[in-house]
Amino acid sequence: EDSTQVNYSIGIEIRGSSSQMFDKKSYGFESRSDDFEDDKDVTMGGFPEEEDWIFYGPYTDKSLIRNKLTFELSNLIGYKASKTKFYNLTINDDFKGIYILMEKIKRDKNRVDIEKNSGSSVSGGYIIKIDKPTGDGGLCGTCYDDSFSFRSKYNTQGNLSDLSEIYFLYEYPKADKISDEQKEYIQTYINDFESSLLSEEFNDIDNGYLNYIDLDSFINFFIINEITKNIDGYRLSTFLNKDLNGKLKMGPIWDFNLAFGNADYCNGWTTTGWGFKFNDICPGDIWQVPFWWNRLMESPKFKEDLKIRWNDLRLNLLSNQSIKDKLEEYSKYLNDRGAIYQNFSRWDILGRYIWPNKFIAYTHEEEIDFMKDWISDRLQWLDEAILSL
């Protein structure tokens, strides 16, 4: 397989928001027909056919594997995430080092499998996200408007507020395609869910918040974000989807390059403390966590199901050994091919601070050892914290 050569016509662009400041860029690209006129579905890296792809270039994450590890753990527990594959990337004879081919989050039977929306009717599915407006036509990094987003009616304390900090961005149908009817439908659904979650009978099995959300997806999302203690978790790069006649689901997961202790702000490096409690630690940050998670922690059903799921996963799929094995597998795979040496020859950043590193290693091996220790401590803290809920 290593010698297979396949030729495609592509359109390519630099992607990302805060990652744009790094020398090593990430890229979005589309596979195109030979005359470049039309997008063309192709299979790439053994993944199902599509035309939208991502080459993610780990840079501030000097382990090179944080996203790959998280996405694979998510898939392992049956919580569907993008498929990932390591590549050495060269663009126009310029060697760029280790990249990860990833599927872009989009509506597709092999990606986010929800019904297609046609025209202005509300007869299909939706993908929305909580994120910065950059890349969505926002003129500034904090400017939201109703052409591509809508604001929650509640603030992070769960109080009705015209000044809520929480915005939802239209991902599917896209902002330039979504009709007023579709906007109204998904806004109303989210509003009804939030209102239900805040009502006094929110725990009522028949009439409470469970009417609106797929609980398993919320629990899986919670577990992945807490294991990794993702500093962006719950508040940025956070996707939700809803199928026709289906409940609201969290996911797919996205963007874990600052997880596993790779952030020197807002306690991002500590192995203790809940990730969802970000607002208590950094109330001044522009992007805050919705009130949902604090409220769900007042729900006996949520806590009970979380405990059961956690204990079940810790026995096998998310055991210390299982996660450690994956770390070592990726590290060996890259080392055996000389890819780590090549990457850091191209990007001479070991031993240097790259925002927002807390830990700075002088070798890749040290980076992996740091992650092993960090994950072990994190899992121990979560075992005790979840047991005592």
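## Ala339 and its surroundings

With a relative accessibility of 5%, Ala339 counts as buried, because buried here means under 20% relative accessible area. This residue belongs to helix α8 in what is a predicted model. Once neighbours within four places in sequence are set aside, Ala339 is in contact with Asn88, Ile98 and Leu334. Ala339 and Phe86 are separated by 253 residues in sequence, yet their C-alpha atoms lie 9.7 Å apart in space.

## The second largest pocket

Phe86 and Asn88 also appear in the description of the second largest pocket, where they are among the residues nearest its centre, together with Thr4, Phe55 and Tyr87. This pocket holds about 1100 Å³ of space, and its lining is made up of 29 residues. By class, that lining has 16 nonpolar, 8 polar and 5 charged residues.

Several elements supply at least two lining residues each, namely the strands β1 (9-15), β4 (84-91) and β5 (94-103) and the helices α7 (320-336) and α8 (339-346). The largest share comes from β4, which supplies 7 residues of the lining.

## Strand β9 and its partners

Strand β9 covers residues 238-242, and 5 of its 5 residues are buried. Both of its faces are covered, with Thr238, Leu240 and Lys242 buried on one side and Phe239 and Asn241 buried on the other.

Strand β6 (residues 126-130) runs antiparallel to β9 and is joined to it by 5 bridges, and within this pairing Lys129 stands opposite Phe239. Strand β9 also pairs with β10 (residues 248-250) in the antiparallel sense, over 3 bridges, and here Leu240 stands opposite Met250. The hairpin of β9 and β10 has 5 residues between its strands.

## Nonpolar cores

The largest nonpolar core has 95 residues, and those with the most contacts inside it are Ile65, Tyr209, Phe222, Trp292, Trp293, Phe302 and Ile375. Helix α9 (residues 364-387) gives the largest share of this core, 9 residues. Apart from this core lies another, of 10 residues, which include Tyr27, Val42, Trp53 and Tyr99. As a general background, nonpolar side chains tend to be buried together in soluble globular proteins.

Phe222 can serve as an example from the largest core. Not counting residues up to four places away in sequence, Phe222 touches Tyr234, Trp274, Phe276, Trp293, Met297, Phe302 and Leu306.

## Backbone exceptions

Most residues other than glycine have a negative phi, and most peptide bonds are trans. Against that background, Asn245 has a positive phi of about 60 degrees although it is not a glycine. Asn245 lies in the loop between β9 and β10 and is exposed, with a relative accessible area of 71%. Phe260, likewise not a glycine, has a positive phi of about 50 degrees. Phe260 is found in the loop between β10 and α4, but it counts as buried, at 0% relative accessibility.

Cis peptide bonds are found at two prolines, as follows. The bond from Tyr172 to Pro173 is cis, with omega near -10 degrees, and Pro173 lies in the loop between β8 (167-172) and α2 (180-198). Gly251 and Pro252 are also joined by a cis peptide bond, with omega of about 5 degrees, and Pro252 is located in the loop between β10 and α4 (278-281).

Conventions:
Residues are numbered from 1 along each chain as its sequence is written. This is a predicted model: local features need pLDDT of at least 70, side-chain atom pairs count only at pLDDT 80 or more; totals for chains, interfaces and linings use all residues. Side-chain values use heavy atoms; hydrogens and water are left out. On a 1 Å grid over the protein atoms alone, a cavity is a set of points where a 1.4 Å probe fits but cannot get out, and a pocket is an open set with protein on both sides within 12 Å along at least five of seven lines; lining residues have an atom within 4 Å of a point. Grid points are joined across faces, edges and corners, and a volume is the space filled by probe spheres set on the points. Helices (H or I, at least four residues) and strands (E, at least two) are DSSP runs, numbered from the N terminus. Ala, Val, Leu, Ile, Met, Phe, Trp, Tyr, Cys and Pro count as nonpolar, Asp, Glu, Lys and Arg as charged, and the others, Gly among them, as polar. Buried means under 20% relative accessible area, exposed over 50%, partly exposed in between (1.4 Å probe, protein chains only). Two strands pair if DSSP finds at least two bridges between them. A nonpolar core is a set of buried Ala, Val, Leu, Ile, Met, Phe, Trp, Tyr and Cys residues joined through side-chain atoms within 4.5 Å. Contact means heavy atoms within 4.5 Å.
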